[in-house]
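Welcome to this set of exercises. Try each task on your own before you read the worked solution below it.

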Amino acid sequence: MTPVTPSPRLPARAAAVAVAALLAWFPLLCPAPALAEDPVTLSRTGQITDRAAALGERADTAEEALDRLYDDRGVQLFVVYVRDFSGRSAQSWADATAERNGLGLDDVLLTVATHDRQFAYSVDEDSRLGDAQLQEVATTAIRPALRQNDWAGAAIGAADGYRAVLAGRPVPTPSITPGPADPGGRDDAGGRDDPGGRDDSVAGDLVLPVAAAGAAGVAAFLAYRRRKKRAATRTTPGGGRGGGAGGPGRRRPRTR
């Protein structure tokens, strides 16, 4: 009987199978990359979406200020706190979030990135709030609060400021309560809790590098845009995405 000689191809095939199996398991063995904050769906239980755990015990106080604005002037201010804007500009992130959630004529969106130290706001092109009024509120109330890491104070100052200018009064000077420079950061022992039940630690670091802020805080970047008019206006609680945007609308010139 002629002895069977092992084919030289068999070891190569076995190696190929082993490599393929390793590649198939490799994504499971490696930790998932940190995810940045894409434009979010707003909370359905209130007008504040705090994905950075920035408000702490002052969340109710901020919500009350937003309620006063709506009760007195019929304007809904939505505020979003995230760690970063996922490498987008502050303005494009705010606009994308406003569009995603169907914000309308009497809605204002204020977005704050606590780690990026940036903020932006987005309003409808036909909003009752004029450019000068928006600038005044940002300069007098929002920016000073954020410079001192008063995250809740930014929402309260915005709500009280819009309420004042719509009534023809000066923007009140906010009472500042400084907070942590980077709430929910990596060195925050308390961690970060997402209101939607997601562990916000997966939000990770910035996609694009930014200059580190000093201990005293750096002035947050300010931008805003007037959104094109939409046919629907989001309400809370139980809000959802508005349906159907209006036709091509003019935008007021951007100012900073």
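**Exercise 1.** In which strand is L77 found? Then decide whether L77 is buried or exposed, and list what L77 touches.

*Solution.* Before starting, note that this is a predicted model, in which local features need pLDDT of at least 70 and side-chain atom pairs count only at pLDDT 80 or more, while totals for chains, interfaces and linings use all residues. Residues are numbered from 1 along each chain as its sequence is written, and side-chain values use heavy atoms, with hydrogens and water left out.

Step 1: L77 belongs to strand β2, residues 76–82. Helices (H or I, at least four residues) and strands (E, at least two) are DSSP runs, numbered from the N terminus.

Step 2: L77 has a relative accessible area of 0%, so L77 is buried. The cut-offs are under 20% relative accessible area for buried, over 50% for exposed, and partly exposed in between (1.4 Å probe, protein chains only).

Step 3: Not counting residues up to four places away in sequence, L77 touches Q47, L66, L69, V108, L110, A155, A158, A159 and Y162. Contact here means heavy atoms within 4.5 Å.

**Exercise 2.** Where is D107 placed, and which side chain does D107 join in a polar contact?

*Solution.* Step 1: D107 sits in strand β3, residues 107–113. Along the chain, L77 and D107 are 30 residues apart, yet their C-alpha atoms are separated by 5.9 Å.

Step 2: With a relative accessible area of 1%, D107 is buried.

Step 3: The side chains of D107 and Q76 are joined by a polar contact of 3.0 Å. A polar contact is a pair of N or O atoms within 3.5 Å; within protein, one must be able to donate a hydrogen and the other to accept it, and residues adjacent in sequence count only if both atoms are side-chain atoms.

Step 4: The D107 side chain also reaches the backbone nitrogen of G104, at 2.9 Å.

**Exercise 3.** How many salt bridges does a search of the whole structure find? Work through three of the pairs, and find which residues are joined into one network.

*Solution.* Step 1: The search of the whole structure finds six salt bridges. A salt bridge is a side-chain nitrogen of Lys or Arg within 4 Å of a carboxyl oxygen of Asp or Glu.

Step 2: One of them is between D150 and R58, at 2.6 Å from N to O. This pair links distant parts of the chain, 92 residues apart: D150 is in the loop between α4 (131–147) and α5 (151–166), and R58 is in the loop between β1 (48–50) and α2 (59–73). D150 is buried at 1% relative accessibility, whereas R58, at 24%, is partly exposed.

Step 3: Another salt bridge is formed by R68 and D160, with the closest N and O atoms 3.4 Å apart. R68 is in helix α2 and D160 in helix α5, 92 residues apart. R68 is partly exposed at 33%, while D160 is buried at 17%.

Step 4: R163 and D72 also meet in a salt bridge (3.0 Å, N to O). R163 lies in helix α5 and D72 in helix α2, 91 residues apart. R163 counts as buried at 18% relative accessibility, and D72 is partly exposed at 44%. Salt bridges that share partners join R68, D72, D160 and R163 into one network.

**Exercise 4.** At roughly what angle do the axes of α2 and α5 cross, and at roughly what angle do those of α4 and α5 cross?

*Solution.* Step 1: Two packed helices are described by the angle between their axes and the distance between the axes. Axes are lines fitted to C-alpha atoms, for helices over the stretch in contact, and angles run from 0 to 180 degrees between N-to-C directions.

Step 2: The axes of α2 and α5 cross at roughly 15 degrees and come within 8 Å. This makes α2 roughly parallel to α5. Angles under 35 degrees count as roughly parallel, over 145 as roughly antiparallel, 65 to 115 as roughly perpendicular and the rest as oblique.

Step 3: The α4 and α5 axes also come within 8 Å, crossing at roughly 155 degrees. Therefore α4 is roughly antiparallel to α5.
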